[in-house]
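Student: Could you take me through one part of this model closely, namely the pockets and what surrounds them? I'd like a connected picture rather than a list.

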Amino acid sequence: MITIELLDMRFYAHHGCFEEEQEIGTYFSVDVSMESPCSLVSVQSDRLEDTINYQTVYDAVKEEMMQSSHLLEHVAGRIVNRLKNDFPQSKTVKVCISKLFPSLGGQVGASKVTLTKE
């Protein structure tokens, strides 16, 4: 089993339940972790086509982050489903989305949703 991770991908997007969040937008951080037994082949072959391509993962996450949603849970679900579909060799996909400095009436560094799918 091998784990591929992309951490702290930053996006400016328009997710939130409030109208101003949808209009103004804010910064988000996304972490993705993917476990795959098939990627062990790449340890021997040293070929990109034998593993999960980081660029393809990033592009998929970026595309999903650019589609506005009210809930981070919904965005995380879209990303997990997309990655499971695009990389069927992945046994487990875990996505963490953090809304940085959410407007909650006090000082909060981030609100975070984590979704894991096997």
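**The second largest pocket and its surroundings**

Tutor: Let's start with the make-up of the second largest pocket: its lining splits into 4 nonpolar, 3 polar and 3 charged residues. Keep in mind that this is a predicted model. The volume of this pocket comes to about 150 Å³. Going along the sequence, the lining consists of Phe-18, Glu-20, Glu-21, Ile-24, Gly-25, Thr-26, Lys-99, Phe-101, Pro-102 and Ser-103. Helix H1, residues 19–24, is the top contributor to that lining, with 3 residues.

Now for the largest pocket, which holds about 200 Å³ of space. It has 15 lining residues, and those closest to its centre are Gly-16, Glu-21, Lys-99, Leu-104 and Ser-111. Glu-21 and Lys-99 also turn up in the lining of the second largest pocket. By class, the lining of the largest pocket has 7 nonpolar, 5 polar and 3 charged residues. Helix H4 (72–86) and strand E4 (110–117) each put at least two residues into it.

H4 is a good thread to follow from here, as it also gives the most to the largest nonpolar core, with 6 residues. That core has 25 residues, and the members touching the most others are Val-61, Met-65, Leu-83 and Ile-97. Besides H4, strand E1 (2–13), strand E2 (26–36), helix H3 (54–65) and strand E3 (92–100) each supply at least two residues of the core.

Ile-97 is worth a stop. Setting aside residues up to four places away in sequence, Ile-97 touches Phe-28, Ser-29, Val-30, Met-65, Leu-72, Val-75, Ala-76, Ile-79, Ser-111, Lys-112 and Val-113. One of those contacts, Ser-111, is also among the residues closest to the centre of the largest pocket, and another, Met-65, is among the core members that touch the most others.

Next, the strands. E1 and E2 pair antiparallel over 10 bridges. Within that pairing, Ala-13 has Thr-26 of E2 as its bridge partner, and Thr-26 is also part of the lining of the second largest pocket. E2 is joined to E3 as well, again antiparallel, by 8 bridges. There, Glu-35 stands opposite Thr-92 of E3.

Follow E2 along and you reach Ser-33, which sits in that strand. Ser-33 has a relative accessible area of 15%, so it counts as buried, the cut-off being under 20%. Its contacts, leaving out residues up to four places away in sequence, are Thr-3, Ile-4, Glu-5, Thr-92, Val-93 and Lys-94. Ser-33 and Leu-7 are 26 residues apart along the chain, with 8.3 Å between their C-alpha atoms.

Another serine to look at is Ser-90, in the loop between H4 and E3. Ser-90 has a relative accessible area of 2%, so it is buried too. Beyond its neighbours within four places in sequence, Ser-90 is in contact with Met-34, Glu-35, Ser-36, Ile-52 and Lys-84. Glu-35 is the residue we just met opposite Thr-92.

A quick word on backbone angles. Most residues other than glycine have a negative phi. Against that background, Asp-8 has a positive phi of about 55° without being a glycine, and Asp-46 likewise has a positive phi, of about 60°. Asp-8 belongs to strand E1, whereas Asp-46 lies in the loop between helix H2 (40–45) and H3. Asp-8 is partly exposed, at 39% relative accessibility, while Asp-46 is exposed, at 71%.

Finally, zoom out to the whole chain. It has 4 helices and 4 strands, arranged along the sequence as β-α-β-α-α-α-β-β. The C-alpha trace spans about 50 × 25 × 20 Å along its principal axes. Of the 118 residues, 41% count as buried. Taking contacts between residues at least 6 apart in sequence, 58% join residues at least 24 apart.

Key: Residues are numbered from 1 along each chain as its sequence is written. This is a predicted model: local features need pLDDT of at least 70, side-chain atom pairs count only at pLDDT 80 or more; totals for chains, interfaces and linings use all residues. Side-chain values use heavy atoms; hydrogens and water are left out. On a 1 Å grid over the protein atoms alone, a cavity is a set of points where a 1.4 Å probe fits but cannot get out, and a pocket is an open set with protein on both sides within 12 Å along at least five of seven lines; lining residues have an atom within 4 Å of a point. Grid points are joined across faces, edges and corners, and a volume is the space filled by probe spheres set on the points. Ala, Val, Leu, Ile, Met, Phe, Trp, Tyr, Cys and Pro count as nonpolar, Asp, Glu, Lys and Arg as charged, and the others, Gly among them, as polar. A nonpolar core is a set of buried Ala, Val, Leu, Ile, Met, Phe, Trp, Tyr and Cys residues joined through side-chain atoms within 4.5 Å. Buried means under 20% relative accessible area, exposed over 50%, partly exposed in between (1.4 Å probe, protein chains only). Contact means heavy atoms within 4.5 Å. Two strands pair if DSSP finds at least two bridges between them.
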